[in-house]
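Labels such as "buried" or "edge-to-face" can sound mysterious at the start. Shall we take some of them apart, one at a time?

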Amino acid sequence: MSREQGVSLWQAACSGGGGRTAAKLGEFVRLIERLQQRCETLTLAETISLVIDDSGLRAMYEQDKKDGEERLSNLDELVSAAAGFLPDQPEMAVVEFLAAASLEAGERQAEAA
């Protein structure tokens, strides 16, 4: 749909489209819009915690008996790391933090190999 109409993926998702996926796309769009509104006044750590909770990620790992405890611990560590992160550009805090976290994770994997 995005390619056909020459619009971004977000614009295509917002248009809803049709078929069976329209309801799921609508839920996703509403989740993102709700998160945007709620995160405007939150700290970086509060924003990440809210996204983890509202997206259902925490609930999913709470139900996972195999790896859930470890995954939840990783999510808590992510929130803790965000609490101490000082971005260069506060309006880009989430982007800067995720970029830094990705680089750090990549370095750890390279060291482990």
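Below are questions and answers about this predicted model, each setting a value against a rule.

Q: Which residues make up the largest nonpolar core?
A: There are 11 residues in all: Leu44, Ala45, Ile48, Ile52, Tyr61, Leu72, Leu75, Val79, Ala82, Ala93 and Phe97. Helices α4 (44–54), α6 (68–83) and α7 (93–112) each give at least two residues to this core. As a general picture, nonpolar side chains in soluble globular proteins tend to be buried together.

Q: Why is valine 79 called buried?
A: Its relative accessible area is 18%, and buried means under 20%, so valine 79 earns the label. This valine lies in helix α6.

Q: What does valine 79 touch, once residues up to four places away in sequence are left out?
A: Valine 79 touches Ala45, Ile48, Ser49 and Ile52. Arginine 34 is another matter: 45 residues from valine 79 along the chain, with 20 Å between the two C-alpha atoms.

Q: Which residues does leucine 75 touch, with the same neighbours in sequence left out?
A: Leucine 75 touches Ile52, Leu57 and Tyr61.

Q: What makes α4 roughly perpendicular to α7?
A: The axes of these two helices cross at roughly 80° and come within 10 Å. Angles from 65 to 115 degrees count as roughly perpendicular, so α4 and α7 fit that description.

Q: Which residues of α4 and α7 meet?
A: On the α4 side they are Leu44, Thr47 and Ile48, and on the α7 side Ala93, Val94 and Phe97.

Q: Which residues of α4 are buried, and what covers them?
A: Leu44, Ala45, Thr47, Ile48, Leu50 and Ile52 are buried in α4. Their cover includes α3, α5 (57–63), α6 and α7. Just after α4 comes glycine 56, which has a positive phi of about 90°.

Q: How do you know that threonine 47 counts as buried?
A: Threonine 47, in helix α4, has a relative accessibility of 12%. The limit for buried is under 20%, so threonine 47 qualifies. Leaving out residues up to four places away in sequence, threonine 47 touches Cys39, Leu42 and Val94.

Q: What makes glutamate 96 count as buried?
A: Its relative accessibility is 18%. That value falls under 20%, so glutamate 96 is counted as buried. Glutamate 96 belongs to helix α7 and touches Phe85, Pro87, Asp88 and Gln89, not counting residues up to four places away in sequence.

Q: How many aromatic pairs are there?
A: The count comes to 2 aromatic pairs. Such a pair is described by the distance of the ring centres and the angle of the planes.

Q: Why is the pair of tryptophan 10 and phenylalanine 28 called edge-to-face?
A: The centres are 6.3 Å apart and the planes make an angle of 70°. Rings pair if their centres lie within 6.5 Å, and planes over 60 degrees apart count as edge-to-face, so both conditions are met. The pair links distant parts of the chain, with tryptophan 10 in helix α2 (residues 9–15) and phenylalanine 28 in helix α3 (residues 21–39), 18 residues apart.

Q: Why are tryptophan 10 and phenylalanine 28 called partly exposed?
A: Tryptophan 10 has a relative accessible area of 34%, and phenylalanine 28 has 41%. Partly exposed lies between the limits of 20% and 50%, so the label fits each of these residues.

Q: What makes phenylalanine 85 and phenylalanine 97 an edge-to-face pair?
A: Here the distance is 5.4 Å centre to centre, with 70° between the planes. The centres are within 6.5 Å and the angle is over 60 degrees, so this is an edge-to-face pair. Phenylalanine 85 sits in the loop between α6 and α7, and phenylalanine 97 in helix α7, 12 residues apart.

Q: Are phenylalanine 85 and phenylalanine 97 buried or partly exposed?
A: Phenylalanine 85 has a relative accessible area of 22% and is partly exposed. Phenylalanine 97, at 4%, counts as buried. The limit of 20% lies between these two values, so the labels differ.

Q: How do you know that cysteine 14 and cysteine 39 form no disulfide?
A: Their sulfur atoms are 17 Å apart. A disulfide needs sulfur atoms within 2.5 Å, so this distance is too far for a bond. A search of the whole structure finds 0 disulfides. Cysteine 14 is partly exposed at 38%, whereas cysteine 39 is buried at 14%.

Terms used: Residues numbered from 1 in each chain as written. Heavy atoms only, no water. Core = buried A, V, L, I, M, F, W, Y, C linked by side-chain atoms within 4.5 Å. Buried < 20%, exposed > 50% of the residue type's maximum accessible area, 1.4 Å probe, protein only. Helix = DSSP H or I, 4+ residues; strand = E, 2+ residues; numbered from the N terminus. Contact = heavy atoms within 4.5 Å. Phe/Tyr/Trp six-rings, centres within 6.5 Å; stacked < 30°, edge-to-face > 60°. Axes fitted to C-alpha atoms, helices over the stretch in contact; angles between N-to-C directions. Parallel < 35°, antiparallel > 145°, perpendicular 65-115°, else oblique.
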